[in-house]
Amino acid sequence: MGDDIQLDDDCIFCKIIRGEIPSFKVFEDDASLAFMDINPAAPGHCLVIPKHHAENIFVTPPHASAAAMATISKVAPAVERAVQPGGINIVQANGPAAAQSVFHTHFHIIPRHLDDNLLMNWGLNPGDMDEIGAVAEKIKAELD
Ligand code: 5GP
Ligand code: ZN
(Lines give C-alpha, C1' and ligand atoms only; values in the text may rest on other atoms or scores of the structure.)
(Ligands and ions follow the chains in the order given, each with its own letter.)
Protein backbone atom coordinates (compact mmCIF):
# COMPACT_ATOMS: atom_id res chain seq x y z
CA MET A 1 0.00 0.00 0.00
CA GLY A 2 1.31 3.49 -0.80
CA ASP A 3 2.60 5.63 2.08
CA ASP A 4 -0.06 8.26 1.47
CA ILE A 5 -2.99 5.88 2.10
CA GLN A 6 -4.88 6.76 5.28
CA LEU A 7 -6.94 4.11 7.08
CA ASP A 8 -9.41 4.65 9.93
CA ASP A 9 -9.36 2.36 12.98
CA ASP A 10 -13.15 2.37 13.39
CA CYS A 11 -14.16 2.01 9.72
CA ILE A 12 -15.59 -1.36 8.69
CA PHE A 13 -14.19 -1.10 5.16
CA CYS A 14 -10.72 -0.19 6.48
CA LYS A 15 -10.97 -3.32 8.64
CA ILE A 16 -11.76 -5.31 5.50
CA ILE A 17 -8.72 -3.75 3.76
CA ARG A 18 -6.53 -4.76 6.71
CA GLY A 19 -8.08 -8.26 6.78
CA GLU A 20 -9.36 -7.77 10.33
CA ILE A 21 -12.84 -8.92 9.32
CA PRO A 22 -13.56 -11.54 6.67
CA SER A 23 -14.68 -10.68 3.16
CA PHE A 24 -14.89 -12.21 -0.28
CA LYS A 25 -12.19 -10.21 -2.08
CA VAL A 26 -12.30 -10.45 -5.87
CA PHE A 27 -9.55 -8.00 -6.88
CA GLU A 28 -6.97 -5.90 -5.12
CA ASP A 29 -4.15 -3.56 -6.07
CA ASP A 30 -2.10 -0.99 -4.14
CA ALA A 31 -4.80 1.65 -4.10
CA SER A 32 -8.14 -0.15 -4.40
CA LEU A 33 -10.10 -3.24 -3.42
CA ALA A 34 -13.14 -5.04 -4.85
CA PHE A 35 -15.15 -7.40 -2.64
CA MET A 36 -18.60 -8.91 -2.47
CA ASP A 37 -21.44 -7.04 -0.73
CA ILE A 38 -22.84 -9.27 2.04
CA ASN A 39 -26.35 -7.85 1.54
CA PRO A 40 -26.56 -8.28 -2.22
CA ALA A 41 -29.26 -6.45 -4.15
CA ALA A 42 -28.69 -9.16 -6.79
CA PRO A 43 -26.27 -12.09 -7.20
CA GLY A 44 -22.83 -10.73 -8.09
CA HIS A 45 -23.31 -7.41 -6.27
CA CYS A 46 -19.87 -6.20 -5.29
CA LEU A 47 -18.23 -3.07 -3.94
CA VAL A 48 -15.14 -1.22 -5.13
CA ILE A 49 -13.32 1.06 -2.71
CA PRO A 50 -10.27 3.26 -2.79
CA LYS A 51 -7.97 2.06 0.00
CA HIS A 52 -7.55 5.66 1.12
CA HIS A 53 -10.13 6.26 3.87
CA ALA A 54 -12.41 9.20 3.15
CA GLU A 55 -16.01 9.63 4.21
CA ASN A 56 -17.53 10.35 0.81
CA ILE A 57 -16.76 11.35 -2.76
CA PHE A 58 -16.59 15.04 -1.83
CA VAL A 59 -13.47 14.53 0.29
CA THR A 60 -11.87 11.62 -1.58
CA PRO A 61 -8.65 12.69 -3.34
CA PRO A 62 -9.11 12.46 -7.12
CA HIS A 63 -6.24 9.96 -7.43
CA ALA A 64 -8.05 7.64 -5.01
CA SER A 65 -11.34 7.92 -6.92
CA ALA A 66 -9.43 7.30 -10.14
CA ALA A 67 -7.86 4.14 -8.67
CA ALA A 68 -11.33 2.83 -7.76
CA MET A 69 -12.63 3.64 -11.24
CA ALA A 70 -9.75 1.77 -12.88
CA THR A 71 -10.70 -1.26 -10.78
CA ILE A 72 -14.37 -0.88 -11.73
CA SER A 73 -13.22 -1.03 -15.36
CA LYS A 74 -11.68 -4.44 -14.62
CA VAL A 75 -14.28 -5.89 -12.28
CA ALA A 76 -17.55 -4.77 -13.93
CA PRO A 77 -16.79 -6.69 -17.16
CA ALA A 78 -15.86 -9.72 -15.03
CA VAL A 79 -19.20 -9.50 -13.22
CA GLU A 80 -20.91 -9.17 -16.61
CA ARG A 81 -19.22 -12.34 -17.86
CA ALA A 82 -19.67 -14.29 -14.60
CA VAL A 83 -23.32 -13.46 -13.95
CA GLN A 84 -24.58 -12.54 -17.42
CA PRO A 85 -27.28 -10.19 -16.18
CA GLY A 86 -29.34 -7.97 -18.45
CA GLY A 87 -27.29 -4.94 -17.36
CA ILE A 88 -25.16 -3.45 -14.59
CA ASN A 89 -25.55 -0.26 -12.57
CA ILE A 90 -22.60 1.48 -10.94
CA VAL A 91 -24.02 3.32 -7.92
CA GLN A 92 -22.24 5.57 -5.44
CA ALA A 93 -24.00 7.15 -2.44
CA ASN A 94 -23.02 10.25 -0.46
CA GLY A 95 -24.89 11.13 2.72
CA PRO A 96 -27.83 9.57 4.55
CA ALA A 97 -30.44 10.97 2.16
CA ALA A 98 -28.62 9.16 -0.65
CA ALA A 99 -28.78 5.96 1.45
CA GLN A 100 -25.08 5.99 2.34
CA SER A 101 -24.67 3.69 5.35
CA VAL A 102 -20.89 3.07 5.36
CA PHE A 103 -18.83 6.22 5.48
CA HIS A 104 -15.83 5.10 3.44
CA THR A 105 -16.27 6.01 -0.23
CA HIS A 106 -17.45 3.02 -2.24
CA PHE A 107 -18.96 2.16 -5.59
CA HIS A 108 -21.61 -0.54 -5.98
CA ILE A 109 -21.48 -2.82 -9.03
CA ILE A 110 -25.04 -4.12 -9.26
CA PRO A 111 -26.13 -6.71 -11.83
CA ARG A 112 -29.61 -5.84 -13.16
CA HIS A 113 -32.33 -7.85 -14.81
CA LEU A 114 -35.29 -6.65 -16.81
CA ASP A 115 -38.33 -6.28 -14.53
CA ASP A 116 -36.27 -6.75 -11.32
CA ASN A 117 -38.05 -3.63 -10.01
CA LEU A 118 -34.94 -2.78 -7.99
CA LEU A 119 -35.36 0.56 -6.27
CA MET A 120 -32.49 2.93 -5.59
CA ASN A 121 -32.85 2.37 -1.81
CA TRP A 122 -32.92 -1.42 -2.05
CA GLY A 123 -32.71 -2.29 1.68
CA LEU A 124 -30.24 -4.60 3.41
CA ASN A 125 -31.18 -8.28 3.17
CA PRO A 126 -28.50 -10.76 4.27
CA GLY A 127 -27.30 -12.99 1.45
CA ASP A 128 -26.43 -16.68 1.46
CA MET A 129 -22.66 -16.81 2.19
CA ASP A 130 -22.12 -19.97 0.13
CA GLU A 131 -23.85 -18.39 -2.84
CA ILE A 132 -21.89 -15.13 -2.45
CA GLY A 133 -18.62 -17.07 -2.22
CA ALA A 134 -19.45 -19.08 -5.33
CA VAL A 135 -20.18 -15.93 -7.36
CA ALA A 136 -16.93 -14.40 -6.06
CA GLU A 137 -15.03 -17.39 -7.43
CA LYS A 138 -16.69 -16.97 -10.83
CA ILE A 139 -15.79 -13.27 -10.93
CA LYS A 140 -12.21 -13.99 -9.84
CA ALA A 141 -11.90 -16.60 -12.57
CA GLU A 142 -12.86 -13.94 -15.09
CA LEU A 143 -10.09 -11.68 -13.73
CA ASP A 144 -7.28 -14.20 -14.10
P1 5GP B 1 -24.22 2.20 1.18
O2 5GP B 1 -25.54 1.95 1.82
O3 5GP B 1 -23.33 3.00 2.09
O4 5GP B 1 -24.29 2.76 -0.21
O5 5GP B 1 -23.56 0.78 0.98
C6 5GP B 1 -22.87 0.12 2.00
C7 5GP B 1 -22.86 -1.34 1.61
O8 5GP B 1 -21.92 -1.99 2.43
C9 5GP B 1 -24.21 -2.03 1.81
O10 5GP B 1 -24.69 -2.52 0.58
C11 5GP B 1 -23.90 -3.14 2.81
O12 5GP B 1 -24.54 -4.35 2.49
C13 5GP B 1 -22.40 -3.29 2.69
N14 5GP B 1 -21.77 -3.74 3.91
C15 5GP B 1 -21.98 -3.27 5.18
N16 5GP B 1 -21.20 -3.92 6.05
C17 5GP B 1 -20.50 -4.84 5.33
C18 5GP B 1 -19.53 -5.82 5.70
O19 5GP B 1 -19.15 -6.01 6.86
N20 5GP B 1 -19.02 -6.58 4.69
C21 5GP B 1 -19.41 -6.40 3.38
N22 5GP B 1 -18.84 -7.21 2.47
N23 5GP B 1 -20.31 -5.49 3.00
C24 5GP B 1 -20.87 -4.71 3.99
ZN1 ZN C 1 -12.35 3.39 5.89
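**Entry 1: the shell around the ligand**

I began with ligand 1 and found that 17 residues surround it, the closest being Asp37, Asn39, Ala99, Ser101 and His108. I note at the outset that I am reading a predicted model, and I keep that in mind for each entry below.

I then looked up how the shell around ligand 1 divides by class, and I noted 11 nonpolar, five polar and one charged residues.

Next I asked myself which polar atoms of the protein lie by the oxygen atoms of ligand 1. For Ser101, I found a backbone N or O atom 2.6 Å from an oxygen atom of the ligand. For Val102, a polar backbone atom is 3.1 Å from an oxygen atom of ligand 1. In His108 the side chain takes this part, with an N or O atom 2.8 Å from an oxygen atom of the ligand. I also looked up how much of the ligand is covered, and the protein covers 90% of the 520 Å² of accessible area that ligand 1 has on its own.

Which elements give two or more residues to the shell around ligand 1? I found that they are α1, which spans residues 12-18, and β2, which spans 32-36. The largest share of this shell comes from α1, which gives three residues. As for the site itself, I noted that the space taken by ligand 1 is the largest pocket.

**Entry 2: Asp37 and Ala99, two of the closest residues**

I returned to Asp37, which is listed among the closest residues to ligand 1, and placed it in the loop between β2 and β3. Is Asp37 buried or exposed? Its relative accessible area is 11%, which lies under the 20% cut-off, so I recorded Asp37 as buried. I also looked up a spatial partner, and found that Asp37 and Leu47, although 10 residues apart in sequence, are 6.0 Å apart from C-alpha to C-alpha.

Ala99, another of the closest residues, sits in the loop between β4 (87-91) and β5 (107-112). I recorded Ala99 as partly exposed because its relative accessibility is 38%, a value between the cut-offs of 20% and 50%. What caught my attention was the backbone of Ala99, whose phi is near 70°, a positive value in a residue other than glycine. I reminded myself that most residues other than glycine have a negative phi.

**Entry 3: a second positive phi, and a histidine in the β4–β5 loop**

I found another positive phi at Asn117, near 55°, again in a residue other than glycine. Asn117 belongs to the loop between β5 and α3 (129-143), and I noted that it counts as exposed because its relative accessible area is 65%, where the cut-off is over 50%.

I then turned to His106, which is found in the loop between β4 and β5. His106 is buried, with a relative accessible area of 5%, and a polar atom of its side chain lies 2.7 Å from the backbone oxygen of His104.

**Entry 4: a buried lysine**

I looked up Lys51 next, and located it in the loop between β3 (46-50) and α2 (62-83). Its relative accessible area is 5%, so this lysine counts as buried. With which residue does the side chain of Lys51 make a polar contact? The partner is Glu28, whose side chain is 2.9 Å away.

**Entry 5: pairs that are apart in sequence**

For the strands, I took Ile49, which is found in β3 and counts as buried at 0% relative accessibility. Ile49 and Ala34 are 15 residues apart in sequence, while their C-alpha atoms are 6.5 Å apart in space.

For the helices, I took Arg81 in α2, which is partly exposed at 40% relative accessibility. Between the C-alpha atoms of Arg81 and Glu142 I noted 7.1 Å, with 61 residues separating the two in sequence.

Finally I looked up Ile132, which lies in helix α3 and is buried, with a relative accessible area of 6%. Ile132 and Cys46 stand 86 residues apart in sequence, and I recorded 9.6 Å between them, C-alpha to C-alpha.

Note on methods: Residues numbered from 1 in each chain as written. Chains lettered and ligands numbered in written order. Predicted model: local features only at pLDDT ≥ 70, side-chain atom pairs only at ≥ 80, totals over all residues. Heavy atoms only, no water. Near = heavy atom within 4 Å. Polar contact = N/O pair within 3.5 Å; in protein donor to acceptor, adjacent residues only side chain to side chain. Areas by Shrake-Rupley, 256 points an atom, 1.4 Å probe, with all protein chains shown as cover. 1 Å grid on protein atoms, 1.4 Å probe; cavity = no way out; pocket = protein on both sides within 12 Å on 5 of 7 lines; lining within 4 Å. Sits in = over half its atoms within 2 Å of the grid points. Helix = DSSP H or I, 4+ residues; strand = E, 2+ residues; numbered from the N terminus. Nonpolar A, V, L, I, M, F, W, Y, C, P; charged D, E, K, R; others polar. Buried < 20%, exposed > 50% of the residue type's maximum accessible area, 1.4 Å probe, protein only.
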